[in-house]
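Welcome, and please open your viewer. We will take a walk through this model together, one selection at a time.

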Amino acid sequence: MDTESTYSGYSYYSSHSKKSHRQGERNRERHKSPRNKDGRGSEKSVTIQAPTGEPLLGNESTRTEEVQDDNWGETTTAITGTSEHSISQEDIARISKDMEDSVGLDCKRYLGLTVASVLGLLVFLTPVAFILLPPILWRDELEPCGTICEGLFISVAFKLLILLIGTWALFFRKQRADVPRVFVFRALLLVLIFLFVVSYWLFYGVRILDSRDRNYQGIVQYAVSLVDALLFIHYLAIVLLELRQLQPMFTLQVVRSTDGESRFYSLGHLSIQRAALVVLENYYKDFTIYNPNLLTASKFRAAKHMAGLKVYNVDGPSNNATGQSRAMIAAAARRRDSSHNELYYEEAEHERRVKKRRARLVVAVEEAFIHIQRLQAEEQQKAPGEVMDPREAAQAIFPSMARALQKYLRATRQQHYHSMESILQHLAFCITNSMTPKAFLERYLSAGPTLQYDKERWLSTQWRLVSDEAVTNGLRDGIVFVLKCLDFSLVVNVKKIPFIVLSEEFIDPKSHKFVLRLQSETSV
Amino acid sequence: MSYIPGQPVTAVVQRVEIHKLRQGENLILGFSIGGGIDQDPSQNPFSEDKTDKGIYVTRVSEGGPAEIAGLQIGDKIMQVNGWDMTMVTHDQARKRLTKRSEEVVRLLVTRQSLQKAVQRSMLS
C-alpha cells in the first residue's frame, strides 16, 4: 500500500477499526472520548499518530497521545500567535522609531546638501571674481572701458539675480524623503557644472591672469558669456529634473499584500526610487488604514481546515517530506467539510450585527445633535441657558452617544484607532463648522486613509524598497518592485501606457436625417 | 411568397367572400389589416419574408363577417374585388376594403398552410 494521498483516509479508518478490536475492553472508555469528538459536528478529523515510525499496533501510550493530539489544532501557536504577534510588533515598531529619531543618521542627507550649496556658492561668485580681479591686480594697465562695460555690468548683475532666484526655486526645497541611492540626474548636473566652471577658471587663469590681458571689455564679455552659459545649464536642469517626467508614460498598479486593496497611478519617466516615493506619498492618502484585526479570521479558518490531518506512514520511516505535505494537501482538498457554510453564516451574522449597531448609532447621534443650537451674535447676551464653547458643547452631548459609538467601533474592530479624546475633538470640530450628524459619523462608519488618523496609529513610516534591478534605473514595462514595512508590503507592478492611434472622422451636421417607420393597424 | 421584381407573383390562394355587416351607418368586415408599401415590413409578425410589404390580416374579431367567411389571422390579402393588394399603401388598402357602395367583398388570400397542403397533395 502506498503512503500517497489518495488512500490515506481509508487506511486510517481500516486501521482504526482494527485497533479498536485489538485493544479490547481496557481502553474502551478512553477510546470512546476521541470517537465522540470525531463524530461531533462537521469535523471528521482524521486524528492519527504522528509518523514517528512506531508500529501499527499501538499500545497504551500511543492511545493517550491520540487523546491529547485531538486538541492540538486549538493549541498550536500557528493560530493563537497572530494577535499576540501584532501587538508585540507594534511595540517594537514604536521603540525602533524612537531610537532612530534620537540617533540622527542624517549624515548622508546633509552631505549632499552641503556639497551642492558649496558648489553653488562657488559658481555664483565666479563671474563676480572674473570681473573684479583685473582691476584689483593690474588697474594701471587696463584700458579704460566706458559705457559698454557699464552696460555689461548691469546685464551681468541682472542675470545673476535671475540665476539666483531660479536656483533657489528649483533646488533649495525641503527634502521630503530619504532615498537609498543618489539621484542620477542631479549628480550628473552637479558634475557638469563643476567641470564647466573649472574649465572656465583654467582658461581665465592661464590666458588672462598670467598674461595680464589689458582688454577689459573682453574680460567682462567673457564673464557675461559664463553667466549666459550658467543660465542655459539651469534651463537644462529644469528640463531634466522637472519637465521630463510630467508626461505620463507608465501606469503603476499598487497592491497591498494583506488585503489586496489596489490603486493605480500614472507616472512619467522616473527612476524606480522616485516612483517608489510617489507611490508612498499617495499611499498615505489613498489607501484605507491597515487594520490587522480584520485579517486573523481567514488564517484561523485555513488552519482549522488542515488541523485534523496528519500523514500516517505505513511503510516505515521515510523522509519523504514533499510527498507527505502533498498527501496532506490533497486529503484536505478532498474532505467534504462544511467550512464554506460556516463562513457564509458567520459573515451574514456579522453583517446583520454591524448593521443593527450602525442603525442604533445613527439614531443616537442624530438625537444628540438636535440639542445643540448655534447662537447668533445678537442672541448671545440674552441666551436662555448656559453659553458654551464648542469643546464644552461636545462634552455635553458626548455621553448620550458614547455607548452606541463604542459598540459600533468594537463590532467593526476599529476601536483602537479612536481614543475618547480624538472623538471629542472631532465632535467639537464638527460642531464648530455646523456639520450634520451624518458628516460627523462618516469618519467612523468607514475606514479612512492613513493620514486621517493620529500619527501614533500609523504603525510605521520606515519603508524598504525591494527590487531586483538597480533602483536608479528608469521605469520599464513589466518591472515589479516591493515596498516593505514591518506589517505588510506594497507590491508595485509597472505597465506601459499603450500607444494610442487617434484618427479623425468628420460628420456633416446636415447629414443627421431621420424617418419614421410605422406599422399601423386599421380595422375594417 | 417572396417576390422577384419584374416577375409575376405566384401563390396558392383561397377565395373568401365576406358579406359586410351593417352597424348603424357603417359597414364593417370584422378584421384588421396591417402592412403596405409605406409601412415598415420588419415589424410584421405574420410575414415569412420580412421585406414583404403586402397587406396582412392582423386580427379577426370573433363572430364577425370575416370569421364566418373563413378568414384567418396572418392571411395575406392578394386581391380585393379584382383590385391588386400586393403593391398598395396602407390607406389605399383600407379604402378598397371599405367602399360604401359594395356590400360583398371577394378576397383572394394566401397563407403558408395552403402552400404546404398543395405540396403535400402533389407529392402523394
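The tour starts where the two chains meet and then moves into chain A.

**Stop 1: where the chains meet**

Before you start selecting, keep in mind that this is a predicted model. Colour chain A and chain B differently and look at the contact. On the chain B side, 19 residues take part, while chain A brings eight residues. Together the two chains bury about 1100 Å² between them. Carbon and sulfur atoms account for 46% of that area.

Now select Gln39(B), Asp40(B) and Gln43(B). These three supply 35% of the area that chain B buries against chain A, more than any other three residues.

**Stop 2: a salt bridge across the contact**

Which residue of chain B forms a salt bridge with Glu521(A)? Show the side chains of Glu521(A) and Arg59(B) as sticks: they are the pair, and their closest N and O atoms are 3.8 Å apart. Side chains of opposite charge can pair when their charged atoms come close. Between chain B and chain A, the count is one salt bridge. There are also seven residue pairs in polar contact between these chains.

Next, select the parts of chain B that make up its touching side. Strands β4 (31–35) and β5 (55–60) and helix α2 (90–97) of chain B each supply at least two residues to the side that touches chain A. Of the elements of chain B, β4(B) gives the most, with five residues. If you colour this side by residue type, you will find six nonpolar, 10 polar and three charged residues.

**Stop 3: strands that pair across the chains**

Keep β4(B) selected and add strand β6 of chain A, residues 521–523. The two strands pair in the antiparallel sense over three bridges. For a place to zoom in, pick Thr522(A), which stands opposite Ile33(B) in β4(B).

From here, step further into chain B. Strands β4(B) and β5(B) run antiparallel and are joined by five bridges. Click on Gly34(B), and you will see Tyr56(B) of β5(B) opposite. Tyr56(B) also stands opposite Lys76(B) in β6(B). That β6 strand of chain B covers residues 76–80, and two bridges join β5(B) to it, again in the antiparallel sense.

Just follow the chain past this strand to Asn81(B), in the loop between β6 and β7 (83–84) of chain B. What is the phi of Asn81(B)? The angle is near 50°, a positive value in a residue other than glycine.

**Stop 4: the five-stranded sheet of chain A**

Hide chain B for a while and turn to chain A. Here you can find an open sheet of five strands, in the order β2-β1-β5-β4-β3, with antiparallel pairing. Which strands lie at the edges? Select β2 (262–267) and β3 (464–466) of chain A: each pairs on one side only. Look along the sheet, and you can follow a twist that averages 25° from one strand to the next.

You can now visit the pairs in turn:

- Strand β1 of chain A, residues 250–256, pairs with β2(A) over six antiparallel bridges. Zoom in on Gln253(A), which stands opposite Phe264(A) in β2(A).
- Strand β3(A) is joined by three bridges to β4 of chain A, residues 480–484, and the two run antiparallel. Val466(A) has Val482(A) in β4(A) as its bridge partner.
- Five bridges join β4(A) to β5 of chain A, residues 489–496, also antiparallel. Here the bridge partner of Phe481(A) is Val492(A) in β5(A). A hairpin of four residues links β4(A) to β5(A).

**Stop 5: a helix and a loop in chain A**

Select helix α13 of chain A, residues 339–370, and find Glu351(A) and Lys355(A) in it. They lie four residues apart, about one turn of the helix. Glu351(A) and Lys355(A) form a salt bridge, with their closest N and O atoms 3.7 Å apart. Over all chains, a search of the whole structure finds 15 salt bridges.

For the last selection, go to Ser434(A), in the loop between α15 (420–432) and α16 (437–445) of chain A. Ser434(A) has a positive phi of about 55°, although it is not a glycine.

Notes
Residues are numbered from 1 along each chain as its sequence is written. Chains are lettered from A and ligands numbered from 1 in the order in which they are written. This is a predicted model: local features need pLDDT of at least 70, side-chain atom pairs count only at pLDDT 80 or more; totals for chains, interfaces and linings use all residues. Side-chain values use heavy atoms; hydrogens and water are left out. Contact means heavy atoms within 4.5 Å. Buried area is the accessible area (1.4 Å probe) that two parts lose on being put together, summed over both. A salt bridge is a side-chain nitrogen of Lys or Arg within 4 Å of a carboxyl oxygen of Asp or Glu. A polar contact is a pair of N or O atoms within 3.5 Å; within protein, one must be able to donate a hydrogen and the other to accept it, and residues adjacent in sequence count only if both atoms are side-chain atoms. Ala, Val, Leu, Ile, Met, Phe, Trp, Tyr, Cys and Pro count as nonpolar, Asp, Glu, Lys and Arg as charged, and the others, Gly among them, as polar. Two strands pair if DSSP finds at least two bridges between them. Axes are lines fitted to C-alpha atoms, for helices over the stretch in contact, and angles run from 0 to 180 degrees between N-to-C directions.
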